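Grab a pencil and have a go at these short exercises. Try each task yourself before you read its solution.

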Amino acid sequence: MEIHVVKEAGFCFGVKRAIKLAFDAVKTKNGKVYTLGPLIHNPQVVEDLRKKGVHVAKNLSRNQKGTLIIRSHGVHPEILKRIKERRIKVIDATCPFVKKAQGMAKLLYDQGYQVAVVGEAHHPEVQGIVGYTNNSALVINHNRMRKNLPHFEKLGVVAQTTLNIEAFGQVVDKLIENAEELKVCNTICHATARAQKATLKLAGKVDMMIVVGGHNSANTTRLAKLCRRLGTPTHHVETARELRRVWFKDKKSVGVTAGTSTPDWSINQVVERIKSFN
Ligand code: SF4
């Protein structure tokens, strides 16, 4: 059985940067180091970080002490304001691509556009972006687009950074009917776009795809969905232990890809286990 691994799979620039900032904080700061929510959507990496002194704070507590790291997803500006008011030491690891989406949303809002964010309403990145429009932005889920959207004079659209470009294009196509003037800002990050493109190329050539990454990771789940949509049998696993020998029976070629929050060691463990089934 041939095993092909997507070259672009694994940690993206934003995640690498956030992890480095967290480790630097442990080395150089006095007191506890926290991230507001898990630093990335990968339980194994979060556990590794905890062992090395980077703890997870679920919420901003009244008597928060130490250093707080804002994760790559960014936060709602209200939370940022509260952090500053409480004079908590803060390290902002918001990914520059997310900052760009927040900035675009704010610019559109300031220019009088009704802002629409295409993405998942419950995702912390999307909630943060909405905050930059004074909470006025509509969130449009690309999978369940509402049929009864009102008509707007000026509609400005941004995307969740990890959205698939085709899905974004389909929503934008429909939104043309809902606006006199439609302004579209492509805020999808290059890392996600590259990984999705390379994954789809490989998925079209192999008998089966294995997608490695946190079950709570939106971009990993999206990679698996895209492969399935292409018709390629696909399994999404968080660790090598979840692989089942029976999946590989009669398969001549297997592709392996991973989300942007999946470390190389996790991808390597999956590849080694697949090799052991050969
Ligand atoms: S997936 Fe893109 S936007 Fe998200 S952290 Fe990585 S580089 Fe930044």
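Below are four exercises, each with a worked solution.

A word on the ground rules: this is a predicted model, where local features need pLDDT of at least 70 and side-chain atom pairs count only at pLDDT 80 or more, while totals for chains, interfaces and linings use all residues. Residues are numbered from 1 along each chain as its sequence is written, and side-chain values use heavy atoms, with hydrogens and water left out.

**Exercise 1. Strands and a crossover**

Work out how strand β8 and strand β9 run and how many bridges join them.

Solution. Start by finding β8 at residues 152-159 and β9 at residues 179-184. Helices (H or I, at least four residues) and strands (E, at least two) are DSSP runs, numbered from the N terminus. The two strands run parallel, with 5 bridges between them; to count as paired, strands need at least two bridges found by DSSP. For one example, look at Lys 154, whose bridge partner in β9 is Glu 181. Now add helix α6 (residues 165-175): β8, α6 and β9 form a right-handed β-α-β unit. Right-handed here means that, with the strands pointing away from the viewer, the path from the first strand over the helix to the second runs clockwise.

**Exercise 2. A loop residue**

Decide whether Gln 160 is buried or exposed, and list what Gln 160 touches.

Solution. First, place Gln 160 in the loop between β8 and α6. Next, check its accessibility: Gln 160 has 0% relative accessibility, so it counts as buried (buried is under 20% relative accessible area, exposed over 50%, partly exposed in between, with a 1.4 Å probe and protein chains only). Last, list the contacts (heavy atoms within 4.5 Å). Leaving aside residues up to four places away in sequence, Gln 160 touches Val 118, Gly 119, Glu 120, His 123, Glu 125, Val 126, Ile 188 and Arg 222.

**Exercise 3. Positive phi**

Look at the loop between α5 (124-131) and β7 (138-140), and find what phi is for Asn 134 and for Asn 135.

Solution. Take Asn 134 to begin with: phi is near 55°, a positive value in a residue other than glycine. Asn 134 is exposed, with a relative accessible area of 56%. Then move to Asn 135, which lies in the loop between α5 and β7. Phi of Asn 135 is near 65°, again positive in a non-glycine residue. At 49% relative accessible area, Asn 135 is partly exposed.

**Exercise 4. Enclosed space**

Find how many cavities of 30 Å³ or more the whole structure holds, and describe the linings of the largest and the second largest.

Solution. The search turns up 2 cavities of that size. On a 1 Å grid over the protein atoms alone, a cavity is a set of points where a 1.4 Å probe fits but cannot get out, and lining residues have an atom within 4 Å of a point. Grid points are joined across faces, edges and corners, and a volume is the space filled by probe spheres set on the points.

Step one: the largest cavity holds about 290 Å³. It is lined by 24 residues, with Cys 12, Ser 72, His 73, Thr 162 and Thr 260 nearest its centre. α1 gives the most to this lining of the largest cavity, with 3 residues.

Step two: the second largest cavity has a volume of about 40 Å³. Thr 192, Ala 195, Gln 196, Asn 219, Leu 223, Ala 258, Gly 259 and Thr 260 line the second largest cavity, and α7 gives the most, with 3 residues.

Definitions and conventions: On a 1 Å grid over the protein atoms alone, a cavity is a set of points where a 1.4 Å probe fits but cannot get out, and a pocket is an open set with protein on both sides within 12 Å along at least five of seven lines; lining residues have an atom within 4 Å of a point.
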